[in-house]
Amino acid sequence: MKPQPHRLDPASYPLKVTVPSRFRDLDTLGHINNVAIGSFYEEGRAALNRTAFPPEFRREHGMRMLIADVHIAYLAEAHYPGDIEVCAGIGHMGRTSYRIDLALFQNGACVGVCETVLVNTDGENPAPIPEEGRAALEALAVRGG
């Protein structure tokens, strides 16, 4: 996955979370390993979902989001110690699903991008995203694409 230029700019993303790298994230080569990189994306994804759909909103509407697809592109090494800025926004929205576009930045450089598709379900089957939820997702759209 070769990212579009706007995906490499933190200003394109409406939501940002800073996560410190941890010693345990290192591999034998001395950089943050690919499994740990996935956990940084998870922090951004969770922050975006909590922003768009607070727990009480999900309960009221019977929403249960499931991850359907994840794509990660590793663009550069990330290091310890150092903070990772996780940037997130909505890249696409359908009737029952949406795609979160994420990027990781360390010291101003983009070290990777990720796309995650989530499907809203009623617990068993895909279910339409409630209108108020759609508005919340639209407010979190990635800019520049």
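Me: What makes the set of 30 residues in this predicted model a nonpolar core?

Reply: A nonpolar core is a set of buried residues of nonpolar kinds, or Cys, joined through side-chain atoms within 4.5 Å, and the largest such set in this predicted model has 30 residues, with Leu48, Phe53, Tyr98, Ile100, Leu104 and Leu137 having the most contacts inside it. Strand E1 (15-20), helix H1 (34-52), strand E3 (83-93), strand E4 (97-106) and strand E5 (109-121) each supply at least two of its residues, and the largest share, seven residues, comes from H1. Apart from this core lies another, of eight residues, including Cys87, Phe105, Cys110 and Val142.

Me: Which residues is Ile100 in contact with, once its neighbours within four places in sequence are left aside?

Reply: Ile100 is then in contact with Arg45, Leu48, Asn49, Ala88, Gly89, Ile90, Cys114, Glu115, Thr116 and Leu118.

Me: Why is Ile72 called partly exposed?

Reply: Partly exposed covers the range between under 20%, which is buried, and over 50%, which is exposed; the relative accessible area of Ile72 is 31%, and therefore Ile72 counts as partly exposed. Ile72 has its place in strand E2 (residues 64-74), and together with Ile67, Val70 and Tyr74 it forms a nonpolar surface patch with about 340 Å² of accessible area.

Me: How do you know that Gly38 is partly exposed?

Reply: The relative accessibility of Gly38, a residue of helix H1, is 23%, and because buried means under 20% and exposed over 50%, this value makes Gly38 partly exposed. Gly38 and Ile72 are 34 residues apart in sequence, while their C-alpha atoms are 8.1 Å apart in space.

Conventions. Residues are numbered from 1 along each chain as its sequence is written. This is a predicted model: local features need pLDDT of at least 70, side-chain atom pairs count only at pLDDT 80 or more; totals for chains, interfaces and linings use all residues. Side-chain values use heavy atoms; hydrogens and water are left out. Patches are made of residues with over 30% relative accessible area and no salt bridge: like charges are joined within 9 Å, nonpolar side chains (Val, Leu, Ile, Met, Phe, Trp, Tyr) within 5 Å. Accessible areas come from the Shrake-Rupley method with a 1.4 Å probe; for residues, only the protein chains shown count as cover. A salt bridge is a side-chain nitrogen of Lys or Arg within 4 Å of a carboxyl oxygen of Asp or Glu. Helices (H or I, at least four residues) and strands (E, at least two) are DSSP runs, numbered from the N terminus. Buried means under 20% relative accessible area, exposed over 50%, partly exposed in between (1.4 Å probe, protein chains only). Contact means heavy atoms within 4.5 Å.
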